[in-house]
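Q: I'd like to learn how to read a protein model, one feature at a time. Can we go through one together?

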Amino acid sequence: MLYCLLLLLAVWGHVLLWVAVLNRLHAVLMPRWAMNLLSLALLALIVGGPVGFVVLSSAAGAGFFGNDNFARLPTAAWPYLGVCWLVAIVGIARWTWHTLKHRRSPILHWHRRHRFEVMPEPVPPGCEEHAHHFMVHLPGNQSLSFDRSDRALRVPRLAPALDGLSIMHLSDFHFTGRVGKAFFREIVRRSNEVEPDLVAVTGDLVDNSRYIRWLPDTLGQLRARYGVYYVLGNHDMRADIQRIREVLNECGLVDLGGRWIEIEVRGEPVILAGNELPWLAPAADLSQCPPRTPGGGALRIVLSHSPDQFDWARAYDTDLLLAGHTHGGQIRFPLLGAIVSPSLAGVKYASGLFYSPPTIMHVTRGISGELPLRLNCPPEMAHLVLHARKRAGASR
């Protein structure tokens with residue numbers, strides 16, 4: 001029995017080790033063919049490693065039960081087993097620590113969640129509105145449901161005149177044709193119902209140039225009092241990225257890729273900037289922004305596709321960083337949460353709120369994905385309301 005338990009622990013460490021490598025692989029810039037090749041190799045290693053170990057161990061006379069099986073293991077297996085046990089123990093310890101110390105974020109005032117569902121409809125021949133990939137209809141798949149997450153945030157240096165400023169944060173639409181256009185039109189309709197002050201779209205909009213034509217009927221219909229702003233992500237590079245920008249700009253959206261602008265909201269200056277690193281350079285040069293004042297100065301909001309730009313945002317004294325890319329893990333396991341998260345930080349920034357003074361980072365689960373499969377991790381449109389000070393009222 002001890003041998004069996006230790007073998008299971010080693011398998012878990014093996015999976016954690018190579019999934020961690022896979023997560024970080026998808027956070028760096030490299031040719032798509034190389035990314036696909038390495039991803040397939042890692043997936044084969046994750047699945048095939050334990051199978052190969054069992055085959056070799058069985059050939060050496062080691063079964064699944066009986067502590068004497070340790071002595072029958074091949075000598076060459078011990079160093080790797082040691083590594084896997086260490087990774088598993090560290091992983092379990094870190095999960096336990098984060099679970100025990102988990103507490104409400106000091107900058108979160110309240111949080112409400114509204115669940116919506118887009119019901120599949122019959123598909124006439126040639127109709128793209130409701131044509132969905134077969135995976136969308138798998139039991140438990142949440143790809144056609146979505147949350148509107150309303151979060152009120154306390155922003156330390158927010159000017160009193162901007163108290164109550166609302167931002168709709170949308171990301172990762174992934175137009176591939178595997179989810180029908182009607183779903184995205186419903187997201188836009190629900191966003192417009194809220195009547196936000198700003199809409200921030202943080203990349204991975206179109207995976208295939210064929211679906212650029214969807215933009216005017218979907219993102220092109222987004223509305224906000226002070227404008228709709230966007231940056232692009234790594235999947236947009238699979239399509240005609242210049243054409244994506246042209247169509248969005250023609251629809252009235254404002255491109256923040258690699259630059260910053262200053263707008264006026266309720267008589268106060270607000271700086272909006274874009275960071276599409278590591279895939280599209282350069283990032284906005286915020287060193288050229290109006291300097292901070294003793295009272296705080298202009299509110300600084302950065303749109304970034306990847307949460308890996310958190311330290312960059314902090315270095316430029318950003319108040320709020322909005323990011324996507326990770327999809328919240330897309331498949332979340334009970335107790336464990338996300339396992340796959342394409343970030344240099346692994347699953348640390350899979351989704352949610354993070355605060356490291358002076359910067360608040362919000363990472364949304366996004367709207368869709370290249371593969372339309374979501375389990376225990378529904379799509380999310382995030383409505384953020386900024387407050388200058390603590391306000392009375394109970395959390396919900």
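A: Sure. Let's begin with strands: two strands pair if DSSP finds at least two bridges between them. Keep in mind that this is a predicted model. Here, β2 (residues 145–154) and β15 are joined by 8 bridges, and the two strands run parallel.

Q: Which residue stands opposite Glu380 of β15?

A: That's Asp147, a residue of strand β2.

Q: Is Asp147 buried or exposed?

A: Buried means under 20% relative accessible area. Asp147 has a relative accessible area of 1%, so it is buried. Leaving out residues up to four places away in sequence, Asp147 touches Arg113, His114, Arg115, Arg365, Pro378, Pro379, Glu380 and Met381.

Q: How far is Asp147 from Ala283, in sequence and in space?

A: They are 136 residues apart in sequence, and their C-alpha atoms are 30 Å apart in space.

Q: Back to the strands. In what order do the 7 strands of the open sheet come?

A: The order is β1-β2-β15-β3-β4-β5-β6, and the pairing is mixed.

Q: Which strands stand at the edges?

A: β1 (108–117) and β6 (254–255) do. Each has a single partner strand, so one side of each is left without a neighbour in the sheet.

Q: How does β3 pair with β15 and with β4?

A: β3 runs antiparallel to β15, with 5 bridges between them. With β4, β3 runs parallel, and 4 bridges join that pair. You can look at single residues too: Leu165 stands opposite Leu386 in β15, while His169 has Ala200 of β4 as its bridge partner.

Q: How many residues of β3 are buried?

A: 6 of its 6 residues, so β3 is mostly covered. A strand has two sides to check, and both faces of β3 are covered. Leu165, Ile167 and His169 are buried on one side, and Ser166, Met168 and Leu170 are buried on the other.

Q: Which strands does helix α5 lie across?

A: α5 lies across β1, β2, β3, β4 and β15. Against β2, α5 runs at about 30°.

Q: What should I know about nonpolar cores?

A: In soluble globular proteins, nonpolar side chains tend to be buried together. In this model, the largest nonpolar core has 36 residues. Leu170, Phe173, Phe175, Phe183, Val201, Val206 and Leu219 touch the most other members. At least two residues each come from β3 (165–170), α5 (181–194), β4, β5 and α6 (241–250). α5 gives the largest share of this core, 4 residues. Apart from this core lies another, of 30 residues, with Val231, Ile263, Leu353 and Leu386 among them.

Q: Which residues is Val206 in contact with?

A: Setting aside neighbours within four places in sequence, Val206 is in contact with Phe175, Tyr211, Ile212, Leu215, His235, Asp236, Ala239 and Ile244.

Q: How do I describe two packed helices?

A: You use the angle between their axes and the distance between the axes. Try it on α1 (residues 2–25) and α4 (residues 77–101): their axes come within 7 Å and cross at roughly 80°. Angles of 65 to 115 degrees count as roughly perpendicular, and α1 and α4 are therefore roughly perpendicular to each other. On the α1 side, the residues making the contact include Leu6, Leu9, Trp12 and Trp18. On the α4 side, they include Tyr80, Val83, Trp85 and Ile92. The residues of this contact divide into 16 nonpolar, 3 polar and no charged.

Q: What about the backbone? Where are there cis peptide bonds?

A: For these, look at omega. The peptide bond from Leu277 to Pro278 is cis, with omega near 5°. Another cis bond joins Ala281 and Pro282, where omega is about 0°. Pro278 sits in the loop between β8 (268–275) and β9 (299–304), and Pro282 is found in the loop between β8 and β9 too.

Q: Which residues other than glycine have a positive phi?

A: Asp204 is one of them, with phi near 55°. Asn376 is another, with phi of about 55°. Asp204 is in the loop between β4 (198–202) and β5 (228–231), whereas Asn376 lies in the loop between β14 (359–363) and β15 (380–387).

Q: Are Asp204 and Asn376 buried, partly exposed or exposed?

A: Asp204 is buried, with a relative accessible area of 1%. Asn376 counts as partly exposed, at 48% relative accessibility.

Notes. Residues numbered from 1 in each chain as written. Predicted model: local features only at pLDDT ≥ 70, side-chain atom pairs only at ≥ 80, totals over all residues. Heavy atoms only, no water. Axes fitted to C-alpha atoms, helices over the stretch in contact; angles between N-to-C directions. Parallel < 35°, antiparallel > 145°, perpendicular 65-115°, else oblique. Contact = heavy atoms within 4.5 Å. Nonpolar A, V, L, I, M, F, W, Y, C, P; charged D, E, K, R; others polar. Buried < 20%, exposed > 50% of the residue type's maximum accessible area, 1.4 Å probe, protein only. Core = buried A, V, L, I, M, F, W, Y, C linked by side-chain atoms within 4.5 Å.
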